[in-house]
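Visitor: Please choose one part of this model for a close look, and then work outwards from it to the parts around it.

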Amino acid sequence: MFDYLISEDAKKIKKEVRAFVRDEIPHSLIKKMDKEEINYPTEFLQSLGKENLIGLRFPKEFGGRGLNWECEVVALEEIGVLGSSLPCLYSLPIITGEAMNLFGSEDQKLKYLKPMCEGKKYTAEALTEPRGGSDFFGATCTAVKDGDYYILNGEKRFVVGAEGADFFLVYAKTNQDPKSDPRSSLSLFIVDRSKGVETEYLYGLLGTRGGGAGRLKFEDVQIPQENVIMGEGKGGVIFYQMMVPERLTTASGSLGSARTCLHIATKYSTKRKAFGQTIKNFQAINFRIADSITLLDAARSIVLNTARTIDAGAPAALQRRLVSESKKFSTKACWKVINNAMQVMGGIGYTTVYPIERILRDSRLGEIWTGTSEIMSLIIQHEYYKEILSEKWLDRDVEKDAIDADHEEEKHYG
Ligand SMILES: Cc1cc2nc3c(=O)[nH]c(=O)nc-3n(C[C@H](O)[C@H](O)[C@H](O)COP(=O)(O)OP(=O)(O)OC[C@H]3O[C@@H](n4cnc5c(N)ncnc54)[C@H](O)[C@@H]3O)c2cc1C
């Protein structure tokens, strides 16, 4: 159904990315990454860059294609077929590029955004600290002004791409006054891999392996002041905007992972026999397939509609609510679809003979990174309450349709 809805640009990009995913990514790359024989797939980003597939939304002069969010989510679903490591790395330029494209200086765009979109410079985003990720404004990394530089100290953890990135987008506290408003005490820095920046791969991961996720340590790192994005104290403003690419990339990438598992399980159910017939004939199996395709279509619908709403210029608060709904719904639905696929396959689905076990391990990250499902709920209810309470009541006053609606004395509120 979606091919009947999306634009010609989106159809074209879908075809292009699908062919890239099918023909250009060696199966051995994914296997080696999962076995952690590769810790950062530089060649993947290089080939994406050569095909001009990185940062589709960004202006052509900075290496993008000047497309919109609709195209971006359609492309991401195709990339999502690869699991989650490669899609995470594909998403990073979409995420860090947002800050540079919307809020960066011309120099920052030329020095970082452009080579990143060309697949010549690699990036990572560092918000989470060992102290915590959900409480973003509690960040403890510090950046203290010293002449024309800032001196950065502190630690970030779980940073995808840390091992291979040439530069990092790092949030750090620039106002050390404990009484200062947390929303204006953080700044966002472009930090080159340079003296005092150390990356460490500390422990194993359930999935999303080979994407260079690691710990970052900053010890007296000198950052030139021209590497502050948007100016000192603007980290909070940028963070609110960054929710859009962070969440929409995860929401749309998950669709591809779930879709591919559903394909495998559906095909398997037409061949596998039990009790003398193909398992597809059992209602327990074919209803599970029905539930999965319904969930997947519902998830794709919310993602696509969110992308289009943003492209149509929705206000920032609505964008934040919709991307949070999309991420929460899509990652949960896709997790269910992938589990359903494993169940349809029986024991063999649990083995490394099929990729479902890896994709299941990979996809679990969807509900955790770029904000947990609980944090999505926090944002959704917050924005919705604000919206409802600030609105004039324009609908029919349905409360008056109650037979005893005039018993005002019974309407107690505590
Ligand atoms: C493989 C991997 C890759 C990652 N990549 C990156 C990356 O590239 N860059 C980056 O910056 N981070 C990255 N992360 C970090 C990720 O975004 C965080 O793990 C996540 O935001 C949660 O933070 P936390 O782990 O500190 O958990 P905590 O913040 O400690 O939360 C613990 C639990 O409490 C819940 N919780 C916390 N606060 C609330 C609240 N107010 N209401 C309700 N529930 C709450 C959370 O939902 C969670 O269930 C990655 C993580 C992993 C595992």
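**From one buried arginine outwards**

Guide: Arg65 is buried, because 20 other C-beta atoms lie within 10 Å of its own; a residue counts as buried at 20 or more such atoms, as exposed at 12 or fewer and as partly exposed in between, with C-beta atoms placed from the backbone. The model is predicted, and for that reason local features need a pLDDT of at least 70 and side-chain atom pairs count only at pLDDT 80 or more, whereas totals for chains, interfaces and linings use all residues. Residue numbers start from 1 along each chain as its sequence is written.

Arg65 sits in the loop that joins helix 3 (42-50) to helix 4, where helices (H or I, at least four residues) and strands (E, at least two) are DSSP runs numbered from the N terminus. Apart from neighbours within four places in sequence, Arg65 is in contact with Asn52, Leu56 and Lys60, contact meaning that two C-beta atoms, placed from the backbone, lie within 7 Å. Ile54, eleven residues from Arg65 in sequence, has its C-alpha 8.7 Å from that of Arg65.

The loop that holds Arg65 leads to helix 4, and the axes of helix 4 (residues 69-80) and helix 5 come within 9 Å and cross at roughly 155°. Helix 4 is therefore roughly antiparallel to helix 5. Here axes are lines fitted to C-alpha atoms, for helices over the stretch in contact, with angles running from 0 to 180 degrees between N-to-C directions; angles under 35 degrees count as roughly parallel, over 145 as roughly antiparallel, 65 to 115 as roughly perpendicular and the rest as oblique. The crossing of helix 4 and helix 5 is right-handed, that is, the near helix is turned clockwise from the far one by less than a right angle, whereas an anticlockwise turn would make it left-handed. Glu72, Leu76, Ile79 and Gly80 of helix 4 meet Leu86, Pro87, Tyr90 and Ile94 of helix 5 in this contact. By class, the contact of helix 4 with helix 5 has six nonpolar, one polar and one charged residues, with Ala, Val, Leu, Ile, Met, Phe, Trp, Tyr, Cys and Pro taken as nonpolar, Asp, Glu, Lys and Arg as charged, and the others, Gly among them, as polar.

Helix 5 also packs against helix 7, at an angle of about 155° and with the axes 9 Å apart, so these two helices are roughly antiparallel to each other. Their crossing is right-handed. Helix 5 contributes Pro87, Ser91, Ile94, Ile95, Glu98, Ala99, Leu102 and Phe103 to the contact, and helix 7 contributes Ile238, Gln241, Met242, Val244, Pro245, Glu246, Thr249 and Gly253. The residues of this contact of helix 5 with helix 7 divide into ten nonpolar, four polar and two charged.

From helix 7 one can move on to helix 9. The axes of helix 7 (residues 235-271) and helix 9 (residues 316-345) come within 8 Å and cross at roughly 20°, which makes helix 7 roughly parallel to helix 9. Helix 7 passes helix 9 in a left-handed crossing, and the residues of their contact divide into 20 nonpolar, nine polar and three charged.

Helix 10 (residues 356-363) draws several of these elements together. Six of its eight residues are buried, so helix 10 is largely enclosed by the rest of the structure. The buried residues are Ile356, Arg358, Ile359, Leu360, Asp362 and Ser363, and they pack against helix 2 (27-34), helix 5 (85-103), helix 7 and helix 9.

Helix 9 also holds another arginine, Arg321, which counts as buried because it has 22 C-beta neighbours inside 10 Å. Not counting residues up to four places away in sequence, Arg321 touches Ile379, Ile380, Glu383 and Tyr384. The C-alpha atoms of Arg321 and Tyr384 are separated by 7.4 Å, although their positions lie 63 residues apart along the chain as a sequence separation.
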